[in-house]
Structure formats: C-alpha cells, structure tokens
Amino acid sequence: MFKIIARIVVYNNSLEEIKDMVKEFYKENINQKLVIVDNSNTGYLKDNLLLINNEIEYIISENKGYGHGNNLVIKKYEGQAKYFLIMNPDIFIKFEDLVKLLNYADKISEFGIIMPKIIFPDGELQYVCKLFPNPFNLF
C-alpha cells in the first residue's frame with residue numbers, strides 16, 4: 001500500500017509548469033506514487049515526464065472534466081493508498097512540507113479533507129478558503 005498517491009490533471013499545460021513539482025515529489029522515497037491524467041487525449045507530456053521519473057503513471061484520458069480526471073485515479077487506486085493528494089499543474093509543494101502534512105494527517109487520523117496553507121511565491125498568504133456556492137456568492 002502506498003503512503004500517498006498524488007494526481008495532477010493536465011490539459012495543454014507545458015512541461016515547464018509541472019516538471020519542478022514532479023522532481024520535488026520524488027525527492028525522497030516515502031512510498032509515494034504520482035499519476036498524471038492527460039485530459040488532452042494526446043500524451044504530449046508523457047515521454048518528457050517519464051525521463052524525469054519513470055515511476056510516474058501517465059493516463060491518457062478523454063476530457064470529461066477536471067473532476068472526472070481526479071476520480072479516475074481514485075477509482076483505480078481505491079484501497080491502495082493511505083492518502084490521496086489532488087495537485088493542480090500550477091502549484092509547487094516543497095517535499096519537506098508534504099512530509100509535514102502527512103505527519104499531521106497521521107497524528108489527527110480522523111478527517112475527511114486537509115488543506116495546507118497556500119502562499120504566493122513571494123510569501124504572501126493566499127486566501128483560498130471558499131464558501132459553499134449560493135446565489136449570493138456566485139456572481
């Protein structure tokens with residue numbers, strides 16, 4: 001069983017956008033797996049990403065939406081990982097912070113979802129907590 005399976009859903013994203021995150025995710029072995037879901041249905045990043053790390057799983061998928069891409073991985077790996085991590089192609093998480101997040105998750109053990117503090121590259125805090133959609137905050 002994997003400690004964590006992370007997935008990134010891509011659609012016409014550049015290699016430049018995700019290569020550093022892929023390298024960082026595999027900085028050390030913590031029994032992790034990274035799955036890239038390519039919603040462009042072309043496999044345009046596959047060869048280059050596998051050169052960075054050949055442990056990546058690359059799924060070429062018809063574009064049925066971002067959520068569908070994430071759900072493909074959850075369904076495929078259900079019961080095979082302690083944690084699942086949703087990563088967008090435009091984010092970067094330091095390996096050390098990922099380990100802290102996993103240690104915290106192990107410590108509290110009973111939760112549905114954990115969201116880390118998100119900061120801009122210049123260190124400014126991003127306020128990404130959102131309200132549930134309703135007619136007053138949708139527009």
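**View 1. Four strands make up an open sheet in this predicted model.** The strands run in the order β3-β2-β1-β4, and their pairing is parallel. At the edges stand β3 (57-60) and β4, each with a single partner strand, so one side of each has no neighbour in the sheet. From one strand to the next, the twist averages 20°. As a reminder for reading this view, strands of a sheet pair through backbone hydrogen bonds, either parallel or antiparallel.

**View 2. Here we look at β1 and β4, which pair in the parallel sense.** Six bridges join β1 and β4. If you would like a residue to start from, try F2, which stands opposite A81 in β4.

**View 3. Helices α1 and α4 pack on the sheet.** Helix α1, residues 15-25, touches β1, β2 (32-38) and β4. The direction of α1 makes about 160° with that of β2. Helix α4 also touches β1, β2 and β4, and its direction makes about 135° with that of β4.

**View 4. F2 and Y77 form an edge-to-face aromatic pair.** The structure holds three aromatic pairs, and this close-up shows one of them. The rings of F2 and Y77 sit 6.5 Å apart, centre to centre, with 80° between the planes. F2 lies in strand β1 and Y77 in helix α3 (residues 66-77), so the pair ties together parts that are 75 residues apart in sequence. You have met F2 already: in View 2, F2 stands opposite A81.

**View 5. The largest pocket holds about 1400 Å³ of space.** Its lining consists of 33 residues. Among these, L85, I86, M115, P116 and I118 lie nearest the centre of the pocket, which makes them handy landmarks when you zoom in.

**View 6. Let us turn to what lines the largest pocket.** Which elements each supply at least two residues of the lining? They are β1 (2-10), β4 (81-87) and α4 (95-108). Strand β4 gives the largest share, six residues. Sorted by class, the lining has 23 nonpolar, three polar and seven charged residues.

Notes
Residues are numbered from 1 along each chain as its sequence is written. This is a predicted model: local features need pLDDT of at least 70, side-chain atom pairs count only at pLDDT 80 or more; totals for chains, interfaces and linings use all residues. Side-chain values use heavy atoms; hydrogens and water are left out. On a 1 Å grid over the protein atoms alone, a cavity is a set of points where a 1.4 Å probe fits but cannot get out, and a pocket is an open set with protein on both sides within 12 Å along at least five of seven lines; lining residues have an atom within 4 Å of a point. Grid points are joined across faces, edges and corners, and a volume is the space filled by probe spheres set on the points. Ala, Val, Leu, Ile, Met, Phe, Trp, Tyr, Cys and Pro count as nonpolar, Asp, Glu, Lys and Arg as charged, and the others, Gly among them, as polar. Two strands pair if DSSP finds at least two bridges between them. Axes are lines fitted to C-alpha atoms, for helices over the stretch in contact, and angles run from 0 to 180 degrees between N-to-C directions. Contact means heavy atoms within 4.5 Å. Rings of Phe, Tyr and Trp (its six-membered ring) pair if their centres lie within 6.5 Å; planes under 30 degrees apart count as stacked, over 60 as edge-to-face and the rest as tilted.
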